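Q: Could you take me on a close look at the aromatic side chains in this model, and at the helices and cysteines that go with them? I would like one connected account that I can follow with the structure open.

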Amino acid sequence: PPAWDRGPRQPPGLPLGPCRSFSNNKIQVELDESSGVATMKFKSPPVNSLSLDFLTEFCISLEKLENDRACRGVIITSAVPKIFSSGLDIMEMYGKSMEHYTEFWRAVQELWLRLYGSNMVTVAAINGSSPAGGCLVALSCDYRIMAENPKFSIGLNEAQLGIVAPFWFKDTFVNTVGHRIAERSLQLGSLHTAPEAYKLGIVDELVPEEKLMEKAAAVMAQWLALPDHARQLTKSMMRKALVDRLVAHREEDVENFVTFISKESIQKSLRMYMEMLKKKK
């Protein structure tokens with residue numbers, strides 16, 4: 001991965017501190033050193049699918065920010081219009097080898113462990129639709145703000161594809177909205193419009209699209225006003241049991257995924273789903 005490259009320093013007297021940016025192929029990151037806030041933008045058109053390459057870059061970017069003393073928080077958003085992230089890349093789960101499925105699933109686990117367990121304040125600025133794995137990314141953040149557009153939807157809709165959200169997707173969802181809403185939504189594989197998502201508590205706030213980044217920055221400032229150690233220890237206390245559960249059952253979770261996704265019937269469901277997507281185009 002490319003090393004940080006330092007952008008030009010601002011002349012003295014300007015309120016903006018130096019901005020450092022590093023870009024990979026699929027993710028663009030800028031860190032404002034004066035505020036300690038990084039902005040991470042997904043730029044993997046057409047739909048920011050979580051492919052193996054994307055997941056790897058995401059983890060590397062998060063790790064760099066986590067290890068950078070200048071960074072205290074990250075705002076996660078999309079550079080692709082109308083879509084935050086369409087979730088796991090179906091091409092990574094279709095017609096591949098057992099080894100490939102294993103590597104892919106480990107990368108999905110790694111992303112969630114890093115993001116859900118992050119020491120930084122994480123704010124999702126959801127500026128488009130966010131099904132399945134895209135919803136998981138948002139749910140793993142500390143705070144979610146969504147653009148107030150009834151055309152944008154969010155949810156864990158795995159059941160619609162004939163696949164099942166793993167226990168740690170489910171637990172992350174339950175911890176956000178409570179058992180009953182999660183149970184109904186997961187069984188039906190529901191995608192909720194932005195207003196519904198707000199009503200159900202999947203997102204914390206709706207704002208007009210043009211105000212999204214401004215609002216994310218304001219929320220970030222509010223969270224960063226607290227002493228880091230107190231906030232970090234509290235977050236860890238709230239999330240530790242769930243993180244530990246995946247860490248303890250990681251291999252078993254990989255095996256379950258690989259066995260499940262390799263089944264002929266599941267491969268057939270995925271093929272039908274892909275054909276349906278092609279027709280939609």
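A: Let's start with Phe 58, which counts as buried at 0% relative accessibility. In this predicted model, its ring has a partner: Phe 42 and Phe 58 form an edge-to-face aromatic pair, 5.2 Å centre to centre with 65° between the planes. Phe 42 sits in strand β4 (residues 37-42) and Phe 58 in helix α1 (residues 52-66), so the pair ties together parts that are 16 residues apart in sequence. Phe 42 is buried as well, with a relative accessible area of 0%.

That pair belongs to a wider set, since the structure holds eleven aromatic pairs. Another edge-to-face pair is formed by Tyr 143 and Trp 223, with ring centres 6.3 Å apart and planes at 65°. Here the link is between distant parts of the chain: Tyr 143 is in strand β11 (residues 143-147) and Trp 223 is in helix α7 (residues 212-224), 80 residues apart. If you check exposure, Tyr 143 is buried, with a relative accessible area of 16%, whereas Trp 223 is partly exposed, at 27%.

Trp 223 brings us to α7 itself. Its 13 residues should span 18 Å at 1.5 Å a residue, and the end C-alpha atoms are indeed 18 Å apart, which agrees. Leu 212, Ala 216, Val 219, Met 220 and Leu 224 are buried in this helix. Looking down the axis of α7, you will find that its buried residues fall within an arc of 130°, so they line one face of the helix. Turn to the other side of α7 and you meet Glu 214 and Gln 222, which are exposed. The buried residues of α7 pack against several elements: the strands β4, β6 (73-78), β9 (121-126), β11 and β14 (205-207), together with helix α8 (228-248). Two of these names should be familiar: β4 carries Phe 42, and β11 carries Tyr 143.

Now move to the aromatic cluster. Ring pairs link Trp 105, Trp 112, Tyr 116, Trp 168, Phe 169 and Phe 257. One member, Tyr 116, also has a charged neighbour: Arg 239 lies over the face of its ring, at 4.3 Å from the ring centre.

Two other cluster members, Trp 168 and Phe 169, are among the buried residues of helix α4 (residues 167-177). The buried residues of α4 also include Phe 167, Asp 171, Thr 172, Phe 173 and Val 177. What covers them includes the helices α2 (98-116), α3 (132-139), α5 (179-188), α6 (194-200), α8 and α9 (250-262). So α8 turns up again, having been listed among the elements that the buried residues of α7 pack against. Just after α4, Gly 178 takes a positive phi of about 95°.

Finally, a word on the cysteines, which you may want to check at the bench. The structure holds zero disulfides. Cys 59 is in none, and the nearest cysteine sulfur, that of Cys 141, is 13 Å away. Cys 135 is likewise in no disulfide, with the nearest cysteine sulfur, again that of Cys 141, 11 Å away. For a disulfide, the two sulfur atoms would have to be within 2.5 Å. Both cysteines are buried: Cys 59 has a relative accessible area of 9%, and Cys 135 has one of 0%.

Methods. Residues numbered from 1 in each chain as written. Predicted model: local features only at pLDDT ≥ 70, side-chain atom pairs only at ≥ 80, totals over all residues. Heavy atoms only, no water. Buried < 20%, exposed > 50% of the residue type's maximum accessible area, 1.4 Å probe, protein only. Phe/Tyr/Trp six-rings, centres within 6.5 Å; stacked < 30°, edge-to-face > 60°. Helix = DSSP H or I, 4+ residues; strand = E, 2+ residues; numbered from the N terminus. Lys NZ or Arg CZ within 6 Å of the ring centre and 35° of its normal. Expected span 1.5 Å × (residues − 1). Arc of directions from axis to C-beta. Contact = heavy atoms within 4.5 Å.
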